[in-house]
Amino acid sequence: MYAIGERINGMFKSVAAAIQTQNPEPIQQLAKDQLAAGANALDVNVGPAAAEPKAAMEWLVKTLREVTDADLAIDTTRPDVMARGLELAGPGSIINSSKGQQEQLDIFLPMAVQHEASVVVLTIDENGIPRDANGRGEIALRAVATAMEKGLPPDRLMIDGVILPVNVTQPTPGHVLETIRNVKLLSDPPPQTVLGLSNVSQGTTQRALINRTYLVMALAAGLDAAILDVLDSPMMDAMIASELLLNNAVYCDDFLKAYR
Amino acid sequence: MPFEMPVEKWSGAVSTVTIGATAAEGGTRTSVVTVGGDTSLPFLQFEGETPHRPVIAMEVLDVPPEEWPAPMAEAVGDVSNDPAAWARKCVDEFGADMICLRLVGAHPDQADRSAEECAQTVKSVLEAVGVPLIIWGCGQADKDNEVLPRCSEVAAGENCLLGTATQDNYKTITAACMADNHKLITEAPLDINIQKQVNILVSEMGFDLSRIVMYQSTGGLGYGMEYAYSIMERTRLSALASDRMLSMPMLALVGSECWKAKEARTSEEVTPEWGPVDKRGVVWEAATATSFLHGGTHIFVMWHPQAAALLRKTIDSLISKEA
């Protein structure tokens, strides 16, 4: 599984403080820790409190590029901040994210082509979050059609079925699993699937257990990537064991070490 | 409708390993070999690169072979009691890319040769030929742990390929390869899980994965060839899927395995319906090697010069850009 570490996000107080004081050390340490824990890419989000999001994004990406060449997922809703982040991060980055309405796809998909990036498309549009898997599938199909029209290979789409907290809506985890399976039938090569995992447990007790269990279920449904807390090592162990049981990795006695 | 070649996209590649060191690199070899680097299943040139051709190492024993089949005795002739002369013949007459010196005489149940005697043999072969050398222990763990470090030491600087490290006995040989800067063969008994485990154990000692060649054990035609092939295939697929613990080039001991088969060695007086014995073993060995070539083997340890010649011809035809 392609793991995108979620911790460089201004929602965390330490990150917000580092951004505010332009202190690179905590950011770079978080990057190193996440990569050592098995992250393939790092999500980069300046957070809601940043006074000047564009300048904050510039500083964050530059700060990260001083210590790593890893893929970066530029996490913002603002196209101008996104474009600047992609420019500084370089090819192979991830746009996180575009919503599924046509106007947004028309902005972010050409941007992905221009910057040789992949793009996370949330299955949410002007009508909100669909009630079931069919509604999510329709939005994913719109994204695939737009990608083909704009010249973006469909496997550079990362469809996010938009998970909601299980204590808010209990049928949603099932709908998202169904979406993960259905998306693979939309094109050849099919789009990638991704999940903003931690949202499933928002506001619940036993958050780690819920995250871990749902990740394993989603992997079994064919999930390709997740934005998650890679520093949660029991969860990463469960992910690695899942890869083994799905025959995506060859067994050996030290399979945890081998994966890392 | 025009035909479109189905092309797989792979994320990984086989690692590249160079064996042998010339004077410029601190050794005395006149040639070196580089294997690996493949970015597709074997020889699918429309899909990826096969940057280095597979190579042929010819096997030389440190003591005269016992109960050799007649065609082998005839091919090697009177040099079989002199490893240096035998190695020279393999290079000069049979065109070997490498020599695989197997120290079978070190085995306590065989000649029980000492570490010093084995090291002298290694030295004499290094002096006799300019091609890179594979140095292979007798397979008895305790004795190998005595013999191989000494052989490694006398070959220091030559960038040899030393074998083998196994799941139960890997520390001494790995340390020797690290100290004297050789490449290492990791061995598993036809078991991809153990193969991966040995590689992890060796890398945990700080040994660089890019200095390993894998030997997953060889089954000759009729004696497990398909099983060995399927392991090679799965190993290659894992390498292409970026499993760095299974991304090393592979080696096969084709000659010694094939010539064990009764089909290769039984005389035609006993089994006249099997045809002439002077062709049978050669074909047995060449057919096995050709199969492994398609399975993704990079280094072939061969016995009979005619089998080696047939294999070389097949490699030529597969590696040719015009093919």
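The following dialogue examines a predicted model of two chains, A and B.

Visitor: What confidence does the predictor give to the complex and to chain B?

Guide: The complex receives an ipTM of 0.81 and a pTM of 0.88. Chain B has an average pLDDT of 95, and 99% of the residues score at least 70.

Visitor: Why is Cys138(B) called buried or exposed?

Guide: The cut-off for a buried residue is 20 or more other C-beta atoms within 10 Å. Cys138(B) has 23 such atoms within 10 Å, and therefore counts as buried. Cys138(B) sits in the loop between strand S5 (133-136) and helix H4 (141-154) of chain B. Beyond the neighbours within four places in sequence, Cys138(B) makes contact with Leu103(B), Val104(B), Ala106(B), His107(B), Lys143(B) and Asp144(B). Its C-alpha atom is separated by 27 Å from that of Gly295(B), 157 residues apart along the chain.

Visitor: What makes Ala175(B) partly exposed?

Guide: A residue is exposed at 12 or fewer C-beta neighbours and buried at 20 or more, with partly exposed in between. Ala175(B) has 16 C-beta neighbours inside 10 Å, so the class is partly exposed. Ala175(B) belongs to helix H5 (residues 171-180) of chain B. Between the C-alpha atoms of Ala175(B) and Phe207(B), 32 residues apart along the chain, the separation is 8.4 Å.

Visitor: How do you know which class Gln22(A) and Glu116(A) belong to, buried or exposed?

Guide: The exposed class requires 12 or fewer C-beta neighbours within 10 Å. Gln22(A) has 12 inside 10 Å and therefore counts as exposed. Glu116(A) also has 12 inside 10 Å, so Glu116(A) counts as exposed. Gln22(A) is placed in the loop between H1 and H2 of chain A, while Glu116(A) is placed in the loop between helix H5 (102-114) and strand S5 (118-122) of chain A.

Visitor: What is notable about phi in Gln22(A) and Glu116(A)?

Guide: Most residues other than glycine have a negative phi. Gln22(A) is not a glycine, yet its phi is positive, near 50 degrees. Glu116(A), likewise not a glycine, has a positive phi of about 50 degrees.

Visitor: Which peptide bonds are cis, and what is omega there?

Guide: Most peptide bonds are trans. A cis bond joins Asn96(A) and Ser97(A), with omega about 10 degrees; Ser97(A) is part of strand S4 (residues 94-98) of chain A. Another cis bond runs from Gly163(B) to Thr164(B), with omega near 0 degrees; Thr164(B) is part of strand S6 (residues 161-165) of chain B.

Visitor: How do you know that the span of H10(B) agrees with expectation?

Guide: The expected span is 1.5 Å times one less than the number of residues. H10(B) (residues 277-295) has 19 residues, so 27 Å is expected, and its end C-alpha atoms are 27 Å apart, which agrees. H10(B) is followed by Gly296(B), whose phi is positive, near 110 degrees.

Visitor: What makes the span of H8(A) agree with expectation?

Guide: H8(A) (residues 207-221) has 15 residues, so 21 Å is expected; the end C-alpha atoms lie 21 Å apart, in agreement. Its buried residues are Ile210(A), Asn211(A), Arg212(A), Tyr214(A), Leu215(A), Ala218(A) and Leu219(A). Their cover includes helix H7 (172-183), strand S7 (192-196), strand S8 (225-228) and helix H9 (233-245) of chain A. Just after H8(A), Gly222(A) has a positive phi of about 110 degrees.

Visitor: Why are the buried residues of H3(A) said to be on the same side?

Guide: The buried residues of H3(A) are Pro53(A), Ala56(A), Met57(A), Leu60(A), Val61(A), Thr63(A) and Leu64(A). They cover an arc of only 160 degrees around the axis, so they are on the same side of H3(A). They pack against helix H1 (13-21), helix H2 (24-36), strand S2 (41-44), strand S3 (71-75) and helix H4 (79-89) of chain A.

Visitor: How many residues does each chain give to the contact between the chains?

Guide: Chain B gives nine residues and chain A gives eight residues. Helix H6 (residues 192-204) of chain B gives the most to the side of chain B that touches chain A, with five residues. By class, that side has four nonpolar, three polar and two charged residues.

Key: Residues are numbered from 1 along each chain as its sequence is written. Chains are lettered from A and ligands numbered from 1 in the order in which they are written. This is a predicted model: local features need pLDDT of at least 70, side-chain atom pairs count only at pLDDT 80 or more; totals for chains, interfaces and linings use all residues. pLDDT is the predictor's confidence in each residue, from 0 to 100. Helices (H or I, at least four residues) and strands (E, at least two) are DSSP runs, numbered from the N terminus. The arc is that of the directions from the helix axis to the C-beta atoms. Two residues are in contact if their C-beta atoms, placed from the backbone, lie within 7 Å. Ala, Val, Leu, Ile, Met, Phe, Trp, Tyr, Cys and Pro count as nonpolar, Asp, Glu, Lys and Arg as charged, and the others, Gly among them, as polar.
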